[in-house]
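Here are some notes to go with your first look at this one. Have the 3D view open as you read, and take the points in order.

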Amino acid sequence: MSVSDDSSITLLKLLSTSFRCNSISSMDTDTFIVSTWWHERPVRTIDLQGNVGDIQHKLLPDKDNGLLDSPCTYISSTNTLMFSDWCQDTVYMCELTSGEGHVIKSDKIVVPSGVCAGPAGTVFVCSEGTNTIVQLSQDGEILMTHDVGMGRPHAVSLNRDGTRLVVSNWTTGQNIIKLFHVSK
């Protein structure tokens, strides 16, 4: 897809898959990492030619994922995959080059959903069960929790220059999107 200055979009290519995607993150200019719904592999890669691959990491579980339980994001600067599992109240931080990683469980992370790369190698995680956004360090330590003033924050994204955080929720009848300023 291409987005022009006047915000019109143009389809560049259609890629068919044998699996349903939950989230998608750019790995490089030609490859994307996607999390799946109801598939034995929670995370796959797909390139612009439609070639599908697997992400191999000791922390990634092999299981049938439930609907919406495994959003992921890729952090290119550290070659790290972040993967949330809301059924297990767990966030996985998988460094893909070394094979090292962290399993993050905390009473501050309950029903984790959306994840996104933050400033300076940090990561933002939606914690639907605590109605907060949790900020993690590169090593998986909890740096802060942010009360975003909404029920069940579900998806989170940061703009390119890292100054604005967008959060949407998953609450029937109260669906909202909030934009926050991020101090550096």
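How do the residues of the lining of the largest cavity divide into nonpolar, polar and charged? Keep that in mind for point 1, and remember throughout that this is a predicted model.

1. The cavity. Three of the residues in the lining of the largest cavity are nonpolar, four are polar and none is charged. You can pick them out by name: Ile75, Thr78, Thr80, Met93, Gly121, Val123 and Gln138. The volume comes to about 30 Å³, and the structure has one cavity of 30 Å³ or more. As background, empty space left among atoms shows up when a probe the size of a water molecule is rolled over them.

2. The pocket. Now turn to the largest pocket, with a volume of about 760 Å³. It has 36 lining residues, and the ones closest to its centre are Thr73, Val115, Cys116, Ala117 and Ser157. Try colouring the lining by type: you should get 17 nonpolar, 15 polar and four charged residues.

3. Strands around the pocket. Several strands each give at least two residues to the lining of the largest pocket: β3 (20-26), β7 (72-75), β11 (112-117), β15 (153-158) and β16 (164-169). Strand β7 turns up again in the next point.

4. A four-stranded sheet. Look for an open sheet with the order β7-β8-β9-β10, where the pairing is antiparallel. From one strand to the next, the twist averages 10°. β7 and β10 (101-104) are the edge strands; each has a single partner strand, so one side of each has no neighbour in the sheet.

5. One pair up close. Within that sheet, β9 (residues 90-95) pairs with β10 over four bridges, in the antiparallel sense. If you want one contact to click on, take Cys94, whose bridge partner in β10 is Gly101.

6. The cysteines. Don't go hunting for disulfides, as the structure holds zero. Cys21 is in none, and the nearest cysteine sulfur to its own, in Cys72, lies 9.5 Å away. Why is Cys94 not bonded to Cys72? The sulfur of Cys94 is 9.9 Å from that of Cys72, its closest cysteine sulfur, and that is too far for a bond; the cut-off for a disulfide is within 2.5 Å.

7. Buried or exposed? The two cysteines sit differently with respect to the surface. Cys94 is buried, because its relative accessible area of 0% falls under the 20% limit. Cys21 is partly exposed, with a relative accessible area of 36%.

Note on methods: Residues are numbered from 1 along each chain as its sequence is written. This is a predicted model: local features need pLDDT of at least 70, side-chain atom pairs count only at pLDDT 80 or more; totals for chains, interfaces and linings use all residues. Side-chain values use heavy atoms; hydrogens and water are left out. Buried means under 20% relative accessible area, exposed over 50%, partly exposed in between (1.4 Å probe, protein chains only). On a 1 Å grid over the protein atoms alone, a cavity is a set of points where a 1.4 Å probe fits but cannot get out, and a pocket is an open set with protein on both sides within 12 Å along at least five of seven lines; lining residues have an atom within 4 Å of a point. Grid points are joined across faces, edges and corners, and a volume is the space filled by probe spheres set on the points. Ala, Val, Leu, Ile, Met, Phe, Trp, Tyr, Cys and Pro count as nonpolar, Asp, Glu, Lys and Arg as charged, and the others, Gly among them, as polar. Two strands pair if DSSP finds at least two bridges between them. Axes are lines fitted to C-alpha atoms, for helices over the stretch in contact, and angles run from 0 to 180 degrees between N-to-C directions.
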